[in-house]
Amino acid sequence: MKLTNFLKSLSLVAFISTSNLSAQTDVILSDLKLRNVQTDIMNVGIRIQKTSGLYWENGLDIEYSNKSLLNDKLFFGFSYVSSRLGTALSSNAIKQDNYILSARYYARKNKKLRPFSKFNLGYFNADYGSELFDVLDNTSVITSLEFGLSYTFIKKLKLSSSFGYNFITGNGMEGPGTLYPIYLQSTISWNLKQ
Amino acid sequence: MKKLLALCLIFSIISCNDQPIIDDSYLDGELIFDASTYNQAEYLTSYSNPNPTDSEKDKPVFIACHGYSATTFEWSEFKEWTGETDSYYISQVLLGGHGSNYEDFKSSSWLDWQNSITEEYERLVTIGYTNINLLTSSTSCTLILELLSRDYFSNTIAPKNIYLVDPLVIPSDKTLPLIGLIGPMLGYVESANTAEEDNYWYHFRPQETLQELYTISKIARKALEEGIKLPVGCSLKVYKSIQDPTTDPVGAVLIYNGIRTFNNTHIDVEMVSSDLHVYTRLSFRESISEIDDENQLNSFTDFVERLN
């Protein structure tokens, strides 16, 4: 009787172990699949930006990572943010547009929370609304750096927030007067490719 | 941990450095005061002519208001240029907290600065003057914009003309919005005045007053974004240097877009070929050109012509 019970217990343990092993194997395979199968990534999102001491400027953000070039680490992007979609939407604020090309590097691949740094190069244009102000600079090159964090909520949905510093600004003597140095931005994006 | 403690120590030392060593040859000290503080009748029309006749009541009065850290001196050249005249009065207001010493300046708010203007305005209205014109520069322009934004003049006689010379709406120094963060660490900021200017402008700018400056400029900017309508019978002109190391010329754009006359027309704006802040004051500048003299003369002439 005792021997029968022992053999039953042994077969049960063997079954459970086999089941666990099978489940673990599935998880590992799935994980390996995620890690090893490189795919292009295309994040498209909405960018909300607030300049310290001035306007809300909102718009679109697109970024792309190629499967064969530091996949999911190095992204190239384009952003368009404008006060037209922010403070100037329903006020007398100056209508100004920012067209920005960027290169962004994310650390901590495959983690939900990832720090990143980003270099931006772009073009700024302000519409002063009258010929009276043609004597003032209203365009500029944009060069800025951003440092921030991104968080992946679900596989495709990501929120990133960063602190940015514009190296070229207006100073009263030259440059557009509403181009300020410090800004904060948040972008919520969706991966179209994965 | 040691590094952290050292950083905290440095931070606390910097934080405590809020009292400059004040030389009494500066306006900030205890020896030099703005002359209007002890001779109001020389500067304020409400004191020099407190009982106007009927014809005097209709005569234009310029209330001349100076900018941040300055004194009545900022409009003295206009008074000198005017000389003896029966055509109009010039009342030179000293903003609250200004023209005395560092501590008075440090403890003043933008409301104190503004009160000096409204007090003189109300005194003139009370004693019967009807043709009042606000001649303002830099920060005093901002204080007037704030008054307009809250319909201050709806309960009193509206000014006939408002002149804004190099108004502050957007600072040229784009780090001013950070003053709340870095100000307590700095304590104060030292200005680059010439030796003569140190007798008429504060040399040291307490961070508390810079915070006030940022606050009032932000209030004015937001009011302009929402829109300001001038009172009936009031006209406004902006005179703005196209290059200005203190107030960004783009401020003129915000004022132009943000203010309409009572008849819903645009206000007047003149962009002046100058790189001086408050180009109407030329005394004690390091160097001035013929164009600067010309700009000053043109504007003084225009101020008077607009009275008619």
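This is a short dialogue on reading a predicted model, feature by feature.

User: Let's start with the strands of chain A. How many bridges join E1(A) to E2(A), and do they run parallel or antiparallel?

Analyst: A general idea first: in a regular strand, side chains alternate between the two faces of the sheet. Here, strand E1 (residues 41-51) of chain A and strand E2 (residues 56-65) of chain A run antiparallel, joined by ten bridges. To find one pair yourself, look at Ile48(A), whose bridge partner in E2(A) is Asn58(A).

User: What do E1(A) and E2(A) form, and which residue in the turn has a positive phi?

Analyst: They form a hairpin, with four residues between the two strands. The turn residue to look for is Gly53(A), with a positive phi of about 90 degrees.

User: Which strand does E2(A) pair with through seven bridges?

Analyst: That is strand E3 (residues 74-82) of chain A, again antiparallel to E2(A). One of the pairs is Glu63(A) with Gly77(A) in E3(A).

User: Now a helix. Why do the buried residues of H12(B) line one face?

Analyst: An α-helix has 3.6 residues a turn, so residues three or four places apart point the same way. Helix H12 (residues 290-305) of chain B has 16 residues and reaches 22 Å from its first C-alpha to its last, close to the 22 Å expected. Its buried residues are Asn295(B), Gln296(B), Ser299(B) and Phe303(B). Seen down the axis of H12(B), these fall within an arc of 95 degrees, so they line one face of the helix.

User: What covers the buried residues of H12(B), and which residues are exposed on the other side?

Analyst: The cover includes strands E3 (132-137), E4 (161-165), E8 (235-241) and E10 of chain B. On the other side of H12(B), the exposed residues are Glu290(B), Asp293(B), Glu294(B), Leu297(B), Thr301(B) and Glu305(B).

User: Which residues touch the most other members of the largest nonpolar core?

Analyst: This core has 82 residues, and those touching the most other members are Ile63(B), Ala64(B), Leu164(B), Leu224(B) and Ile255(B). H10(B) gives the most to the core, with seven residues. Try Leu164(B) as an example: beyond its neighbours within four places in sequence, its contacts include Thr136(B), Cys141(B) and Ile255(B).

User: Finally, how many residues does each chain give to the contact?

Analyst: The size of an interface is often given as the accessible area lost when the parts come together. Counting residues instead, the contact takes 27 from chain B and 24 from chain A. On the side of chain B that touches chain A, H11(B) provides the largest share, six residues. That side divides into 14 nonpolar, seven polar and six charged residues.

Conventions
Residues numbered from 1 in each chain as written. Chains lettered and ligands numbered in written order. Predicted model: local features only at pLDDT ≥ 70, side-chain atom pairs only at ≥ 80, totals over all residues. Contact = placed C-beta atoms within 7 Å. Nonpolar A, V, L, I, M, F, W, Y, C, P; charged D, E, K, R; others polar. Pairing = 2+ DSSP bridges. Expected span 1.5 Å × (residues − 1). Buried ≥ 20, exposed ≤ 12 C-beta atoms within 10 Å, placed from the backbone. Arc of directions from axis to C-beta. Core = buried A, V, L, I, M, F, W, Y, C linked by C-beta atoms within 7 Å.
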